[in-house]
Amino acid sequence: MELQKIVRFLSKRDKAQRACLEAKRKDILKNVMAVLAATFANTNTEVYIIGSLIEPYKFKENSDIDIVVKNYQGDHFLLWSKLEEKFARKVDLIIFERCGFQKEIQQYGLKIKSTTPPLRTGLVGPVCKGPT
């Protein structure tokens with residue numbers, strides 16, 4: 001009987017943690033999309049988000065943000081450092097013209113439209129708590 005209680009508790013806790021991480025992923029995704037849209041507004045740069053941030057239940061606390069830029073004419077290092085600072089998270093900046101999986105990016109990546117204004121600057125997300 002005691003073992004069943006433990007299993008139920010652990011299951012409930014894991015479900016709550018997964019739900020919280022998913023809520024955090026969605027919040028971060030919305031903000032990343034808005035910041036990228038504002039950053040690349042009125043440019044010819046195409047921007048995509050790929051990886052765990054766009055896949056439900058794949059994004060974890062230590063996940064990075066995978067961003068692809070196409071036709072970007074500026075300093076890639078400067079862009080990368082500004083994005084990492086803005087998001088307070090590791091960013092993998094992928095140069096579309098130099099990568100070997102362009103077709104997959106265009107097929108599965110989330111293309112950012114440059115018309116959405118930023119929602120807010122903080123990207124902390126919800127605070128996760130376990131079951132009580």
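**Notebook: helix α2 and its surroundings**

I started with helix α2, residues 76–87: its 12 residues reach 16 Å from the first C-alpha to the last, close to the 16 Å expected at 1.5 Å a residue. A reminder to myself: this is a predicted model.

**Entry 1, the two sides of α2.** Next I asked which residues of α2 are buried. I found L79, L83 and F87. They share one side of α2 because they cover an arc of only 50° around the axis. I then turned to the face pointing away from that buried side, and there I noted the exposed residues F77, K82 and E85. What covers the buried residues of α2? My list includes α1 (2–39), β2 (65–70) and β3 (91–95).

**Entry 2, the ends of α2.** At the start of the helix I looked at D75, where a side-chain oxygen comes to within 2.9 Å of the backbone nitrogen of F77. So F77 turns up twice in my notes, since this residue is also among those on the exposed face. Just past the other end of α2 I checked A88 and read a positive phi of about 50°.

**Entry 3, from helix to sheet.** I followed the chain through β2, α2 and β3 and saw that they make a right-handed β-α-β unit. The strands β2 and β3 run parallel and are joined by five bridges. For a landmark I picked V68, which stands opposite I94 in β3. Is β3 mostly covered or mostly open? I have it as mostly covered, with four of its five residues buried.

**Entry 4, the whole sheet.** I traced four strands in an open sheet, ordered β3-β2-β1-β4, with mixed pairing. The edges are β3 and β4 (110–111), each of which pairs on one side only. I looked at the β4 edge too: β4 pairs with β1 (residues 46–50) in the antiparallel sense, over two bridges. My landmark here is I49, which stands opposite L110 in β4.

**Entry 5, T45 and N71.** I stopped at T45, in the loop between α1 and β1. Why does T45 count as buried? Its relative accessible area is 14%, and the cut-off for buried is under 20%. Setting aside neighbours within four places in sequence, I found T45 in contact with F40, V69, K70, N71 and Y72. One of these contacts, N71, made me look again: its phi is near 65°, a positive value in a residue other than glycine. N71 sits in the loop between β2 and α2, and with a relative accessible area of 32% I logged it as partly exposed.

**Entry 6, E22 and Y57.** Then I went to helix α1 for E22. Is E22 buried or exposed? I wrote down buried, at a relative accessible area of 6%. Not counting residues up to four places away in sequence, E22 touches P56 and Y57. I followed the contact to Y57, in the loop between β1 and β2. Y57 has a positive phi of about 65° although it is not a glycine. At 41% relative accessibility I put Y57 down as partly exposed.

**Looking back.** My two loop visits ended in a similar way: N71 has a positive phi, and Y57 has a positive phi too. For the helix, I keep the picture of L79, L83 and F87 as the buried residues of α2, with β2 and β3 among the elements that cover them.

Notes:
Residues are numbered from 1 along each chain as its sequence is written. This is a predicted model: local features need pLDDT of at least 70, side-chain atom pairs count only at pLDDT 80 or more; totals for chains, interfaces and linings use all residues. Side-chain values use heavy atoms; hydrogens and water are left out. The expected span of a helix is 1.5 Å times one less than its number of residues. Buried means under 20% relative accessible area, exposed over 50%, partly exposed in between (1.4 Å probe, protein chains only). The arc is that of the directions from the helix axis to the C-beta atoms. Contact means heavy atoms within 4.5 Å. A polar contact is a pair of N or O atoms within 3.5 Å; within protein, one must be able to donate a hydrogen and the other to accept it, and residues adjacent in sequence count only if both atoms are side-chain atoms. Two strands pair if DSSP finds at least two bridges between them. A crossover is right-handed if, with the strands pointing away from the viewer, the path from the first strand over the helix to the second runs clockwise.
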